[in-house]
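Okay, thanks everyone, let me get the screen shared. I'll keep this short, so just have a look at the picture first.

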Amino acid sequence: IPSRPPAKGGAFVVAVTTSETTTTVWDRVQEGGFPETKILKQRIRDVICPAKPFGHSDVGTKTAPATDSMDDDEAEEARKFFGVA
């Protein structure tokens, strides 16, 4: 007979340890399951180097930087250039 009941479903914890702190990136019990690879990579990146873009898999997850707007003449010229005028 075991001295304590077995844990439910095992443990899955991902943590990042730096010289100052340890940050839990994912805990299966707290999050309610296992992470998608994309989400796990993004969370680790956000701890290690939050300013670094993650490339194609970061699309739609962060606010895009502000861009300069075109005036009407520039927009018309761009439409002609790309053949959508």
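I'll start with the overall layout and then go to two aspartates.

So, first off, this is a predicted model. The protein has 3 helices and 2 strands, and if you walk along the sequence you get β-β-α-α-α. There are 85 residues, and 16% of them count as buried. On the surface side, about 7,400 Å² is exposed, with 56% of that coming from carbon and sulfur atoms. As for contacts, take the ones with a separation of 6 or more: 11% of those are between residues 24 or more positions apart.

Okay, first aspartate. Asp27 sits in strand E2, which covers residues 22–27. What does Asp27 touch, if we don't count residues up to four places away in sequence? That would be Phe12 and Val13. Now, Asp27 is buried, yet it has no salt bridge. The nearest side chain of opposite charge belongs to Arg28, and that's 6.4 Å away. The cut-off for a salt bridge here is 4 Å, nitrogen to carboxyl oxygen.

Second aspartate, over in helix H3. That helix runs over residues 72–81, and Asp72 is part of it. Is Asp72 buried or exposed? It's exposed, because its relative accessible area is 66% and the bar for exposed is over 50%. Asp72 also has company: together with Asp71, Asp73, Glu74 and Glu77 it forms a negative surface patch.

So that's the pair I wanted to show you: Asp27, buried without a salt bridge, and Asp72, exposed and in a negative patch. Happy to go back to the picture if anybody wants another look.

Note on methods. Residues are numbered from 1 along each chain as its sequence is written. This is a predicted model: local features need pLDDT of at least 70, side-chain atom pairs count only at pLDDT 80 or more; totals for chains, interfaces and linings use all residues. Side-chain values use heavy atoms; hydrogens and water are left out. Patches are made of residues with over 30% relative accessible area and no salt bridge: like charges are joined within 9 Å, nonpolar side chains (Val, Leu, Ile, Met, Phe, Trp, Tyr) within 5 Å. Accessible areas come from the Shrake-Rupley method with a 1.4 Å probe; for residues, only the protein chains shown count as cover. Lys and Arg count as positive and Asp and Glu as negative; His and the chain ends are not counted. The place of a charge is taken as NZ of Lys, CZ of Arg, CG of Asp or CD of Glu. Helices (H or I, at least four residues) and strands (E, at least two) are DSSP runs, numbered from the N terminus. Buried means under 20% relative accessible area, exposed over 50%, partly exposed in between (1.4 Å probe, protein chains only). Contact means heavy atoms within 4.5 Å.
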